[in-house]
Amino acid sequence: MAAAENYPADLKYHSEHDWARIEGGEAVFGITWKAQDMLGELVFFQPPAVGADVAKDGAYGEIESVKAVSDLVAPLSGKVVAVNEKMQSAPETINDDPYGEGWLVRVKLADPGEADALLDVAAYEQLLAEE
Amino acid sequence: MSEWRELPLIFELSKPGRSACSLPRYELPKAEVPAALARAEAPRLPELAEPDLARHFSALADRNFGVDSGFYPLGSCTMKYNPRLNERLAALPGFADLHPHQSPEDAQGALELCFQLQEALAEISGLDAVTLQPAAGSQGELTGLMLVRAYFQDEGELEQRRKVVVPDTAHGTNPASVTMAGFELQPVKTDARGNLDLEDLRCVVGPDTAALMLTNPSTLGLFEEGIVELARIFHEAGALLYYDGANLNAVCGISRPGDMGFDVVHFNLHKTFSTPHGGGGPGAGPVAVRRELEPFLPAPRIVRAKDGALSLDSKRPKSIGRVRGFLGPFGVLVKAYAFIRVYGPALKEMSEVAVLNANYLLSRLKDVYELRYDRLCKHEFVLSAATLKREHGISALDVAKRLMDYGIHPPTVYFPLVVPEALMIEPTETESLETLDGFVDAMRRIAAEAADTPELLHQAPHGRPVERLDEAAAVKRAIVRYEFEASAPTSG
Amino acid sequence: MGTGYLALTNADRETMLRAIGVASIDELFADIPEQARLKRELELPPPASEVELERELTGLASRNVHTGQELSFLGAGVYDHYVPAIVEAVISRPEFLTAYTPYQPELSQGILQAIFEYQTVICELTGMEVSNASGYDGATVAADACFMAAHVTGRKKIAVAETVNPQVRQVVKTYAPGFGLEIVEVPHTDGVTDPDAFLAAAQDAAAAIFQQPNFFGCLEAAPDLARAASEAGALAVAHVDPLSLGVLEAPGNYGCQIAIGEGQAAGNRLSFGGPHFGFLAAKKDLIRRMPGRITGQTVDRAGRRGFVLTFQTREQHIRREKATSNITTNQSLCALAGLVYLSWLGPRGLRELGETCLGLAELAKSKIGLPLAFDAPFFKEFAVRTKRHSEEVVREAKKLGVNPGYPLGRDYPGLENVLLISLTEKRSPADIERLAEVLGEVLA
């Protein structure tokens, strides 16, 4: 059921295997194919509250599989405006579609300039090759 | 697979009106609890007669695997034979029917056993004073860290000493205990030889360090070659050293934690000292300390008067308090005491054989499975199935499940975290050469099967009551008790 | 010398050393630094044969006075209830006795299903929705409940009734500094806890803990205490006697979020204090903060029902420093004994047992004829005032072959003349006559 390995070119990446899709003054966060592959079938998503602040490089929630738990790392700073409800009832959606249906939170960005510090797809794939 | 019939839950065997119990019926005055406190509806406990009860639990036992069932090389668990005499001894009425609130004058035999066990553990550890209270290794760890905390509080240094250093190979209980004791975790790396990285260590140890928590040999089964220098680094910084005794089976009578430089030690009586694991306990985790820490030990302490009589001393103003009820898990202590009496100083031979057995297995398996640290091991060693994974898509989990088809309990898998596809193997000293050769044989066959018939491994085990279970479903659709409402009434 | 447990012959050892490529066993220890080596024998008594060992331990056992040797009315947290032989038969099955924790479910369906059944039975008794697989004892599960409550509420204070077992309170106080918790005790009023005092203490508390029946044997106004806790925004935690729950209402049914207790009375011998087991059960929204193992039901590839350890991400082997507890080995075999016992009793047996204990206690109260220390109703234990120091009363009574109970002065200043008398179904009306006779003599 899991998706084939892929890393969309239109996303920005964080070295802790999190991605950001920037849409004007907001961004959507999620975890990459590599992250869901390492964790295995996902069973639980612990989101931040809507309205909570998230800080770049800080943990904003947790994601769990049967055998592992991982912090979700915020690629950018901002305030949470939406949480993906579907993820709480069907967390395995991330395994099938980590970039579409498997999005985690939508954030109003505090400092869009922070995006410059993120990796583009080529740099992220390079990172994966080195690991 | 078809030889295993489906086993009902005890609630599915239940039928109203049946009962196994046999209680005396006395002539008694009527007595009731106040209506506001009275039970409205009876709990739905099983209703079976005793014969069906016996059969149900017998069927459950048939579906379980213990050390008596076959080889059980679970690394870091020390699954050695549990001497059957010790069960009989712990069940003696003078022990089993002794009330813990009994006056000390009428419990001298029990107190004497505890006192002697304390002395023996002090000698084995090379330290000075022992508490028998902790109920398990984890609780022993927490007790040990509480003692460290009390010591520094007494010295006026607790504010400054917040950190406990823990290696990356440590068992998960170590960092969990650090948190529960109110300290902060300071991880440190292991080097390519499997020792603590002393350079990394020198950078992190300082005036804010409370203690080191270390298992020696480590979870890699390797003796910490730099232990003397390690102890010096911590003691010079004014910190203490805590020994996790999970791996003591490797060095009894050969190298004592007190002589290695440790100040606090916990023992796992259900590992090193043969008390049965019981499917997840009961265990016992006594703690030994250097003289300086004795005042902080849990109260009460067993003390001997001039006339030889033993009593309990609760006037211990510096004690951390009590960590468990009464003096500890006495029935477990009896078994460990008996085990130590049977060996005496020959505990050294126990460890020598444990280490011989492990090295024998290592020498016969390291050409087929990857070995990351090319050293002689102690009582256990860690191999990796990483090559099998890369070349044939066979994981450590697949190897583990396939071993079941050979009538062998799998080793510990995926631990320690520093080795990918880890297989941690600990035979213990109570295994024969034939059993060890049988294990080698099975492991070598499985490696060959990985190349020739990988599907067989992915589908393993083949002969058990169940195949691989959906653990993700167990979380997502959590059924953690019998669903009375969802089930049809029994027709008997 | 333990060589009965070692299978290697000298020839075997030679074969193995050759395979390893070393000349002697000493070479396997070459990496141990000189300074760390023990250069003498361990100073322990010489090895004993099994015959000698049995003689020695029988001797030690005979220096204790057990419940078969004196007529005992000692309770105070640990009780001499009947343990049916079927319990011992089940827990001595080697497949249970000698197995490790069930991390490999295909080899452990026996114990996993038994734990699932145990969890169900505990939930039924306590009116809760999730139970763990057991904790160390009735005292440490109280510390576990505090840890849970602190995480759930974010508060740093715990309120505990003074009528909770002193050992439970001691353990909670020992764990509190590490958790960063402040413990506040609520003094008793005539042997029970006043709900208004409990409410006041529970302000800003993460949890408020009471015991039912309490340490004095008295019945608390438990629903009122639970309500007081909730009003203050604290989790209501009841510490209960499992064998009282056939006649007393379940804590989950009168407003508690967590139920804990000592399971010893259910199928575990006294054994001088252990091993026993603690139980911990809660409402289902607390499942992710539960410490200890939890077994869950699932299916295998072929759709067969099976059982596994579940929600393991709470536990130390995965979450490490953020785990809900460091607990690993718990009290599985003791909990199994509890399951067998409670299944042997069944619901009617549990009720009958409760009624028998109530009747025996009532009979004892009237036959003994001493003034009650407290006015409140009681279950199977009650406290009486004696004109003499109760420690003395116990000493004198023991000379006449009767252990009349627990001197409460040991734990409660001011109660030096109060004796806690405990009844179980193993004491008969004739035994009670004897107790009354002896107390009459001692206090004449």
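Which residues of helix 7 of chain C are buried? Keep that one in mind while we get our bearings. This is a predicted model, and the walk below goes from the small chain contact to the big one, then down to single residues.

Let's start with chain A. It has 4 helices and 9 strands, and along the sequence they come in the order β-β-β-α-β-β-β-β-β-α-α-β-α. The radius of gyration of chain A is 13 Å, close to the 14 Å that the globule rule gives for 131 residues, so chain A is as compact as a globular protein of that length. If you'd rather think in box dimensions, the C-alpha trace of chain A spans about 35 × 35 × 20 Å along its principal axes. Buried residues account for 40% of the 131 residues in chain A. As for how the chain folds back on itself, take the contacts in chain A with a separation of 6 or more: 65% of them are between residues 24 or more positions apart.

How does chain A meet chain C? Through 5 residues of chain A and 4 residues of chain C. On the chain A side, those residues split into 3 nonpolar and 2 charged, with no polar ones.

Now over to chain C itself. Its C-alpha atoms fill a box of roughly 80 × 50 × 50 Å along the principal axes, and the chain holds 13 helices and 14 strands. Of its 444 residues, 65% are buried. Among its contacts between residues at least 6 apart in sequence, 73% join residues at least 24 apart. The domain assignment gives chain C a domain 1 covering 3-62 and a domain 2 covering 86-340, and the C-alpha centres of these two domains lie 41 Å apart.

The partner to look at next is chain B. Here 166 residues of chain C are in contact with 172 residues of chain B. Helix 11 of chain C supplies the largest share of the chain C side, 23 residues. Sorted by class, that side has 84 nonpolar, 52 polar and 30 charged residues.

Chain B has its own split, into domain 1 (86-345) and domain 2 (349-474), with C-alpha centres 31 Å apart. Where the two touch, domain 1 of chain B puts in 19 residues and domain 2 of chain B puts in 17 residues. The domain 1 side consists of 9 nonpolar, 8 polar and 2 charged residues.

On to the interior. In soluble globular proteins, nonpolar side chains tend to be buried together. The largest nonpolar core in this model has 348 residues, and the ones with the most contacts inside it are C:Cys146, C:Ala207 and C:Ala208. Helix 11 (residues 332-368) of chain C gives the most to this core, 20 residues. Zoom in on C:Ala208 and, beyond its neighbours within four places in sequence, you'll find several alanines among its contacts, including C:Ala159, C:Ala201 and C:Ala229, along with C:Phe198 and C:Val237.

For a single residue in helix 11 of chain C, try C:Leu363. Is it buried or exposed? The cut-off for buried is 20 or more other C-beta atoms within 10 Å, and C:Leu363 has 22, so it counts as buried. Not counting residues up to four places away in sequence, C:Leu363 touches B:Leu28 and B:Pro29 from chain B, plus C:Pro429 and C:Ile432 from chain C. C:Ile432 sits 69 residues from C:Leu363 in sequence, yet their C-alpha atoms are 7.8 Å apart in space.

That brings us back to helix 7 of chain C. At 1.5 Å a residue, its 14 residues (166-179) should span 20 Å, and the end C-alpha atoms are indeed 20 Å apart. The helix is mostly covered, with 10 of its 14 residues buried. And the answer to the opening question: C:Gln167, C:Val168, C:Arg169, C:Val171, C:Val172, C:Thr174, C:Tyr175, C:Ala176, C:Gly178 and C:Phe179.

What do those buried residues pack against? On the chain B side, helix 5 (137-155) and helix 6 (173-180); within chain C, helix 6 (140-153), strand 3 (157-161), strand 4 (182-186) and strand 6 (235-240). Just after helix 7 of chain C comes C:Gly180, which takes a positive phi of about 70°.

Notes
Residues numbered from 1 in each chain as written. Chains lettered and ligands numbered in written order. Domains from an automatic or database assignment. Contact = placed C-beta atoms within 7 Å. Nonpolar A, V, L, I, M, F, W, Y, C, P; charged D, E, K, R; others polar. Core = buried A, V, L, I, M, F, W, Y, C linked by C-beta atoms within 7 Å. Buried ≥ 20, exposed ≤ 12 C-beta atoms within 10 Å, placed from the backbone. Helix = DSSP H or I, 4+ residues; strand = E, 2+ residues; numbered from the N terminus. Rg over C-alpha atoms; globule rule 2.2 N^0.38 Å. Expected span 1.5 Å × (residues − 1).
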